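Biologist: I would like to know what lies behind the labels on a few charged residues. Please give the value and the cut-off each time.

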Amino acid sequence: MTTPTVDIDALIEDEWYAVRYSGEIPEVAYHGAVFHLTEAQNGPQIELSSAQLNRLLGAVSQRYLEITLRDLLPENKRGGGYRGLKRSFINWQRYLTFCERYGIDGTLHKETVAGALCSFLLHEADLVQIGEVQDELNCSFTELLRFIELLGLSPAVIPDSVKNYFLGS
């Protein structure tokens, strides 16, 4: 009787997919994938190389980028998964914590998120001026300032109408 061969690349790819398209906390999916591949009784119990682990960590990074941007894109407001500026800020903080924990360069997506935030604020400035802001500016002004700081931006990127919205002027 021969032992069935295991296609390790296919197993890694399956877990990569599960992590990449996971929910709101992709790091949890990463740990689940690693556990399944290495320790679970019903898993293949393989030893992962650093390249394989890095591939899975890359999926976490990509997912964090996706969910951070999701709530900065005005076209997503109509969708059921839209959570507003506060959720984007929270996901960016989670991403930075994840990067710190695993020694990953946290600046990898900084420019992309910074550009999206600036575009979002300009879009929201137009809505504030016509009184159509709803749930998208759902964080405090302090949180917005912290988000901007984490992205290396100046508070000057906040349009006056958005500042006034937050500060009640």
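Modeller: The turns below take the labels one by one. This is a predicted model, in which local features need pLDDT of at least 70, side-chain atom pairs count only at pLDDT 80 or more, and totals for chains, interfaces and linings use all residues. Residues are numbered from 1 along each chain as its sequence is written, and side-chain values use heavy atoms, with hydrogens and water left out.

Biologist: Why is Glu136 called buried?

Modeller: Buried means under 20% relative accessible area, exposed over 50%, and partly exposed in between (1.4 Å probe, protein chains only). Glu136 has 5%, so the label is buried.

Biologist: What makes the pair Lys77 and Glu136 a salt bridge?

Modeller: The term asks for a side-chain nitrogen of Lys or Arg within 4 Å of a carboxyl oxygen of Asp or Glu. The N to O distance between the side chains of Lys77 and Glu136 is 3.3 Å, so the pair qualifies. Lys77 sits in the loop between H3 and helix H4 (85-102) and Glu136 in the loop between H5 and H6, 59 residues apart. Helices here are DSSP runs (H or I, at least four residues), numbered from the N terminus.

Biologist: Why is Lys77 called partly exposed?

Modeller: Its relative accessible area is 23%, which falls between the two limits, so Lys77 is partly exposed.

Biologist: How do you know that Arg70 and Glu24 meet in a salt bridge?

Modeller: Their side chains come to 2.7 Å, N to O, so the cut-off is met. Arg70 lies in helix H3 (residues 50-70) and Glu24 in the loop between helix H1 (8-20) and helix H2 (26-38), so the pair ties together parts 46 residues apart in sequence.

Methods. Helices (H or I, at least four residues) and strands (E, at least two) are DSSP runs, numbered from the N terminus.
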